[in-house]
Amino acid sequence: MNEKNNYEIIFESQRIRDILLKIDRIAASDCSILIIGETGVGKEIFAEYIHRKSNRRNYNLVKVGLATLPPNLIESELFGYEKGAFTGSTHEKKGQFELADKGTIFLDDIDDFPLHLQTKLLRVLESKEIQRIGSEKTIPLDIRLISATKVDLSELVVQEKFRMDLFYRINVFPITIPPLRERREDIPVLIKHFLKYYVPDREIRVSDEALEAFINYSWPGNVRELRNVIQRIALFADTEIKVENLPAEIIGDKSMNIFLKACGHCFRNKNLTFEEVMSCVESHLLESALKEAGGNYSQAARSLGMSLSTFRDKCKKHNIDKT
Ligand SMILES: Nc1ncnc2c1ncn2[C@@H]1O[C@H](COP(=O)(O)OP(=O)(O)OP(=O)(O)O)[C@@H](O)[C@H]1O
Ligand SMILES: [Mg+2]
């Protein structure tokens, strides 16, 4: 996918709608925003969205991926340097902060920001000016900071891997993007969107059973994983995506689903906790054993391999009797 030109946020869930409403309210201010979320939830496209909604939209959005930048290059990349500042610096270089002037700087994976440079980053953010390495001159900066993290930064503060003062400075407005499995309503519209994107010239349907498998899968790689799966199967799909076209991990992710499917109540209420599902399953097992045994408690207890007293206690707990 051409990630450079595709910033549209596709959603159906109330949770994403609420986040976008919140963003719309604060986009025009210059407050620092921290985007928190698992891999692939869309942190980068939300950063794009914020930048485009802000008054800085006609200036640069400069993205710095701290997890992919070699730690020894972070300082020169961000702050820039003068000619002769260190061995090999044969010419001056603007840092990413300078390039983001009047626009937005996006510090992705901020949790990877080296501890020894955190004071320097804080100083730049507080003073709104920067000095290139090897220079005394201060350059004024007008930037908006958006950071992103996959991990709980406050936890890193406790472990003394992240400075508390910097944490408060970047966390003025936190936005948590929920994982896809907590907003399954977004799955059908995202599938439609990616199908249209990857196969613009053909309409591809998704069978009900395949859609159900997509919705039930846990999506550890979130929207990115969904996008990649659709891209892969769209290559081979004719007119309809059927359950047998789905990758094994999606069909195979059934641990809870076997139970859920066996029970209409649990299946409809996908937000039940593990305990609630287990309790529902137990109640169904007791009920069907009693029915099969024609109402005979001893026989029903035996068929489930439990003592009569345990069986009776459990039936009482679940309000089950032979009628
Ligand atoms: N709501 C959405 N609508 C459309 N596309 C989305 C949505 N959310 C994510 N995507 C797409 O999913 C892919 C992953 O999103 P993105 O790169 O923003 O995730 P991320 O949270 O930054 O992941 P990582 O932590 O791994 O860097 C991108 O191609 C992005 O365009
Ligand atoms: Mg990202």
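Reader: In this predicted model, is the crossing of H8 and H10 left-handed or right-handed?

Author: The crossing of H8 and H10 is right-handed.

Reader: How, beyond handedness, should one read the packing of two helices?

Author: Two packed helices are described by the angle between their axes together with the distance between those axes. Here helix H8, which spans residues 186-198, packs against helix H10, residues 222-236, at an angle of about 45 degrees, and their axes are 9 Å apart. Because of that angle, H8 is oblique to H10.

Reader: Which residues of H8 and H10 meet, and how do the residues of this contact divide?

Author: From H8 come Ile 187, Leu 190, Ile 191, Phe 194, Leu 195 and Tyr 198, and they meet Val 223, Leu 226, Arg 227, Ile 230, Gln 231 and Ala 234 of H10. By character, the residues of the contact of H8 with H10 comprise ten nonpolar, one polar and one charged.

Reader: Into which domains is the protein chain divided?

Author: The division gives domain 1 (3-178), domain 2 (181-253) and domain 3 (259-317), and the C-alpha centres of domain 1 and domain 3 lie 53 Å apart.

Technical notes
Residues are numbered from 1 along each chain as its sequence is written. Chains are lettered from A and ligands numbered from 1 in the order in which they are written. This is a predicted model: local features need pLDDT of at least 70, side-chain atom pairs count only at pLDDT 80 or more; totals for chains, interfaces and linings use all residues. Axes are lines fitted to C-alpha atoms, for helices over the stretch in contact, and angles run from 0 to 180 degrees between N-to-C directions. Helices (H or I, at least four residues) and strands (E, at least two) are DSSP runs, numbered from the N terminus. Angles under 35 degrees count as roughly parallel, over 145 as roughly antiparallel, 65 to 115 as roughly perpendicular and the rest as oblique. A crossing is left-handed if the near helix is turned anticlockwise from the far one by less than a right angle, and right-handed if clockwise. Two residues are in contact if their C-beta atoms, placed from the backbone, lie within 7 Å. Ala, Val, Leu, Ile, Met, Phe, Trp, Tyr, Cys and Pro count as nonpolar, Asp, Glu, Lys and Arg as charged, and the others, Gly among them, as polar. Domain bounds come from an automatic or database domain assignment.
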